[in-house]
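Got your viewer open? Let's take a short walk through this one, stop by stop.

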Amino acid sequence: MTTEPKRKPSRTARPASPHDTKNDTNDTNGQDAASARLSRRRLLTTAGAAGAVGLAAGAPAGALAHSAATGDDGPALTALGSTAVPFHGTHQPGITTPVQAHAHLAAFDLAPGAGRREAAALLRRWSGLAAELMAGGTPEADTGVARDAGPASLSVTIGLGHGFFDATGLTGARPAALDPLPAFSADVLDEGRSNGHLWLQIGADDALVAFHALRALQRAAGETATLRWQMTGFNRTPGATARPMTTRNLMGQIDGTNNPAPGDEDFDRHVFVPEGGDPAWMAGGSYVVFRRIRMLLDAWEARPLAEQERVMGRRKSDGAPLTGERETDPVDLAAVGPDGRGVIAANAHVRVTAPETNGGATMLRRSFSYHDGFRDDGAPDAGLLFLCWQADPLRAFVPVQRKLDRGDALSEFVRHEASGLFAVPGGAREGEYVGQALVEGY
């Protein structure tokens, strides 16, 4: 039987309720509820600090109200800090959640002797802890790293690797879609930083909140699982631009244009395993491919702008295709220039990866940049923690990567150094944990 974890008061103050009244006898703090209401001045201060961009970037309605109940020692949290992502639902968080500014990716291996029962207990602990942290709660024996902070859009996503099923005696339940990725000729993979039995994706808009979650989840692994590898990534902070826009990668290119989005026709079909799918325990889940891609920035930055744009097939300034005027304009792969050649080069990245040249293969890209210092030759050890989500990687990522491997102009400037494929089960309902249908149903 699942028991609820013990809770301490939230890191954030109690949200002001629209039902609060001056004589509310349920106010456990014994304070006049009217003091929790935002004055016009404080509302303007909070909204100004958050900015309209912060609200547009995904802060839920009522985010300001959530942060209203503070003492007299400072302003309320901005929407950036007070935004909470729900843990429970049909799908796990961190897939369609707006990409956060800070991330940690980590893989664990089950310890020798740890089997299905121990794995189930760990998934239960991680799920309960993730739900508590994402709501802004403070777990028992907390380190205090995120004290004073709100949830800051924290999300925790849990995945299972190919080896998890061998270690737990569940090989008969392992999905065919989790078969190891094929070898690609340009790969220079470090096995020590690839794969793993269990995988965590942690994202937040505050670096301390993200680290706090990573440390709490690592500690919760106890003696059941040991850390195999961990990587840290980042993106632009919401509100850093004058308007919400697609982020840029470390090559300076707008990265993520024409990404599928919830609400698009066939989005769920491309990204999530349907009810009644195979296997049944993956209903509502997805498969994530991880690639650590180092960018050869010295070589890239030495190339003239025109060559960079030819390699990508897009303008660097605004991300528009070389055949269009705006970032979201369709790419005209048939367009021919005055010289009779294609405007989009035959090996341009945008052509090689286009769904129409890959049998309609579609995946949701949700990546983070990384910088791990400098190599012995002085070149930056930096690039992309590439993440793509799909209902079947063998029909989405694999054919596209095979085509990139055969002839992509961008390949000259990148190195694939680590890789992983993980099954990410559907979301947990209240009182349940991620992966429960697998470990208790087979």
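Are Phe164 and Phe165 buried or exposed? Select the two and turn on a surface: both are buried. Keep in mind as you click around that this is a predicted model.

Now look at the rings themselves. Phe164 and Phe165 make an edge-to-face aromatic pair, with 5.6 Å from centre to centre and 85° between the planes. The model holds nine aromatic pairs in total.

Next, add Trp281 to your selection. Its ring centre lies 5.8 Å from that of Phe165, and the planes meet at 40°, so this pair counts as tilted. Colour by secondary structure and you'll see that the pair links distant parts of the chain. Phe165 belongs to helix α5 (residues 162–167), while Trp281 sits in the loop between α7 (267–271) and β5 (286–295), 116 residues apart from its partner. Trp281 is buried, just like Phe165. Show Phe164, Phe165 and Trp281 together and you have one aromatic cluster.

Time to move on to a charge and a ring. Select Arg292 and Tyr370: the charged end of Arg292 sits over the Tyr370 ring, 4.0 Å from the ring centre.

For the last stop, show strands β7 (residues 368–374) and β8 (residues 380–390) as cartoon. They run antiparallel and pair over five bridges. Pick His371 and look across to β8, where Ala382 is its bridge partner. Then follow the hairpin round: five residues lie between the two strands, and Gly378 in this hairpin has a positive phi near 90°.

Definitions and conventions: Residues are numbered from 1 along each chain as its sequence is written. This is a predicted model: local features need pLDDT of at least 70, side-chain atom pairs count only at pLDDT 80 or more; totals for chains, interfaces and linings use all residues. Side-chain values use heavy atoms; hydrogens and water are left out. Rings of Phe, Tyr and Trp (its six-membered ring) pair if their centres lie within 6.5 Å; planes under 30 degrees apart count as stacked, over 60 as edge-to-face and the rest as tilted. Buried means under 20% relative accessible area, exposed over 50%, partly exposed in between (1.4 Å probe, protein chains only). Helices (H or I, at least four residues) and strands (E, at least two) are DSSP runs, numbered from the N terminus. A charge sits over a ring if NZ of Lys or CZ of Arg is within 6 Å of the ring centre and within 35 degrees of the ring normal. Two strands pair if DSSP finds at least two bridges between them.
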